[in-house]
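Here are some exercises to work through with the model open beside you. Try each task before you read its solution.

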Amino acid sequence: MSTTAPATPTPVVSTDPVRSAPSDGATRRAVVIAVLVVALVGLTLASAGFGAVALSPTTVLDGLLGGAQSFIVQQYRMPRIGVAVLAGAMLALAGVFLQSAVRNVLASPDVVGVTKGAGLGAMVATVLTPPAVLWLAVPLGVVAGAALVTVLLLGIAKIVGSRGATLALVGIAIAALAGAAIQYLMVVYPSYADQAMVWLAGSVYGSTPNDVVFLAIWATCCVPLIIVCASRLDLAAFDDDTQGSLGVAPASNRALFVVTAVVLSAGAVVAVGGIGFLGLLAPHLARLLVGARARWLVPAAALLGAALLVLADLTGRIIALPNEIPAGIVAAIAGGPYLLFLLLREARRHG
Amino acid sequence: MPRTVHDRPRHVGAVAVIVGGALASVVVGLLSLGIGPTGISWSDSLTALLSDEPSRLRSLVIDVRLPRAVLAALVGASLAVAGLLAQALTRNPLASPQTFGINAGAAVAIVLATIAFPSLGALGTVAALIGAGTVGALMWFLSTTGAVTVVGLALAGMTVQIVLSALVQAILIMNNSTQDIVFWLAGSVTGADWSDVAVLAPATAAGCAVALLGARSFALLTLDAFTAASLGQHPARVAGAAAVIVVVLAGAAVAVAGPIGFIGLIVPHIARRLVGARFLTQLLACIALGPLLLLAADVLARLVAFPTETPAGIVTALLGAPVFLILAIRARRA
């Protein structure tokens, strides 16, 4: 009996958590997590230091505490990073739970169209409601959009089965439809085009302290869900019969995972739009680094998601000075080849 | 898939579809001359078209609206034929210039080329052909390895398409050309002029002519190489010719109209449904129905948000993505 999820792409890593000495594996994983934390802090300082006014790490720390450059640091740089960290972590966790729920390594919210659907929901809410109630309408719109796409996807999964590439292709078709609808609304309501561009491509540009607060509240509300899901993630890797004999109700577990994934990705989309392939990449990398056990996988995926989005944003800001490439575009260019790699490896294995 | 036997009523029906489609294309094309932000009645625009007297009205119809309609027709035919050949070549019902990333490959190449050499002009088509050819060769190689499933190949193609579209956006942002993003993402025939037609027309004519002349050979692409060889074919050569036609048609269409999506995917399926399994009739039906669909999409694109114009590529994506969805579901069940 294997403890690695069937969703795991490789017959992962030499360190089987059960067979290897527990302390040994735990130490290694703890070190990996610690390295990820350090990397995230380092990226944060680098990202906060980089910009039209270059700041040294000490100046950044000083600015955080209200020093000389506190305006730049607190009003411009940190909100952007805060949003990237939170949204990246949320998208990565959404990927972990959705992949587990449908037992398909390709089923991340950005591949199967959930984030595009959420973006469309946001756009529809924006153009239909008066500006005064947007603060309420947009979050409702994203959740509705993400939920609608997910229900559609799961309905189709009933017909075609949820394994393999078909579900991903179906999701990409849904994403193409939602993307075209966003582009259509962009053309019809040009005054919202800038905002629509964010939902279409994904960007952390122009994040304000309010965005961080909003996202932090959303993420905090998700914490109980995340904890419950994480506690059930290991058992969800077993097949349904085994889960049943272990006293778990697999169907309700899956529903919980899906709901959590939808709420997490919807929150991220409100702030940054869909970041291409982040929800695919982060869980896979995390699994390679720490294995599939939830207690390591969940924090590692969240840290990786945060770090990758900060990195994508930093790259996008550096690469085309004085212009900025939206983080979502950087992520799509970097993450897409990984999806191709997964497909080809899968093909070679079966071919 | 080609059957040697086809019944007569079906044959008559196929002729009706082809002739009817061609006539309908002409009618929609003429109708489209009367639609636009400058309010000209349809009869006025036709009169202007037929009269010799130079007038403001006449130049509007002749120099703005007519080239647009002609270009839409050419792009529609090119993409539809390219889609049909791509589907035969890879034996994949989900194949098309767009779903296999060929359109996006052409778009990246042409955007890069225009930025590197701003005075490139019509030579940008060459860049488009190189871009389309590169992606086309990659996808063809993947399909011939036989290891990738029908759905896997389509997924790989869509991934290539997404990555290359992101690359197009990044390149345009780097060069302060964000106003062009929607054109290079969705494609459009807005602002077409006769020089665009002059670029595309030879490619469309040549591509369709070769496809028609070689229809008997291309029909055998859907068979496996062994059977085709035993029927006196040189499968590799035929496949190579088909691949070149796909690249030329798609590349040239993208060069003038941007990566208009889904026409190349859905028209061959509509044609197959309407005219049955014979490859030559399918090809003719694609040449008749491709223009009809894109002209109709362009008319719709002008009307849905009047007087604002929607790029035709957005309309084709809105219509085509659900069809793609259904095809993806069916590909699995088959």
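**Exercise 1.** Compare the expected and modelled spans of helix 11 of chain A, then work out how covered the helix is.

*Solution.* Step one: helix 11 of chain A covers residues 278-290, and at 1.5 Å a residue its 13 residues should span 18 Å. The expected span is 1.5 Å times one less than the number of residues, and helices are DSSP runs of H or I, at least four residues long, numbered from the N terminus. The end C-alpha atoms are 18 Å apart, which agrees.

Step two: eleven of the 13 residues are buried, so the helix is mostly covered. Here a residue is buried if 20 or more other C-beta atoms, placed from the backbone, lie within 10 Å of its own, exposed if 12 or fewer do, and partly exposed in between. Among the buried residues are L278(A), P283(A), H284(A) and R287(A).

Step three: look just past the helix, where G291(A) follows with a positive phi near 85 degrees.

A note before going on: this is a predicted model, in which local features need pLDDT of at least 70, side-chain atom pairs count only at pLDDT 80 or more, and totals for chains, interfaces and linings use all residues. Residues are numbered from 1 along each chain as its sequence is written, while chains are lettered from A and ligands numbered from 1 in the order in which they are written.

**Exercise 2.** Find out where confidence in chain A is high and where it is low.

*Solution.* Begin with the average: chain A has a mean pLDDT (the predictor's confidence in each residue, from 0 to 100) of 84, and 93% of its residues score at least 70. Next, rank the elements: helix 12 (residues 294-319) of chain A has the highest mean, 92, and helix 7 (residues 193-201) of chain A the lowest, 79. Finally, check residues 1-21 of chain A, where pLDDT stays under 50. Where pLDDT is low, the predicted coordinates should not be read in detail.

**Exercise 3.** Describe the fold of chain B in numbers.

*Solution.* Count first: chain B has 14 helices and zero strands. The radius of gyration, taken over C-alpha atoms, is 20 Å, close to the 20 Å that the globule rule gives for 334 residues, so chain B is as compact as a globular protein of that length. That rule is 2.2 Å times the number of residues to the power 0.38. Then turn to burial: 57% of the 334 residues count as buried.

**Exercise 4.** Which residues does L283(B) touch?

*Solution.* Place the residue first: L283(B) lies in helix 13 (residues 279-303) of chain B. L283(B) counts as buried because 26 C-beta neighbours lie inside 10 Å. Leaving out residues up to four places away in sequence, L283(B) touches V81(B), L84(B), A211(B), L212(B) and A215(B); a contact means C-beta atoms, placed from the backbone, within 7 Å.

**Exercise 5.** R103(A) and F262(B) both have a positive phi without being glycine. Is each one buried or partly exposed?

*Solution.* Take R103(A) first: its phi is about 50 degrees, and R103(A) lies in the loop between helix 3 (70-102) and helix 4 (114-128) of chain A. With 18 C-beta neighbours inside 10 Å, R103(A) counts as partly exposed. Now F262(B): its phi is near 75 degrees, and F262(B) is found in the loop between helix 11 (235-257) and helix 12 (263-275) of chain B. F262(B) is buried, with 28 other C-beta atoms within 10 Å.

Notes: Helices (H or I, at least four residues) and strands (E, at least two) are DSSP runs, numbered from the N terminus. Two residues are in contact if their C-beta atoms, placed from the backbone, lie within 7 Å.
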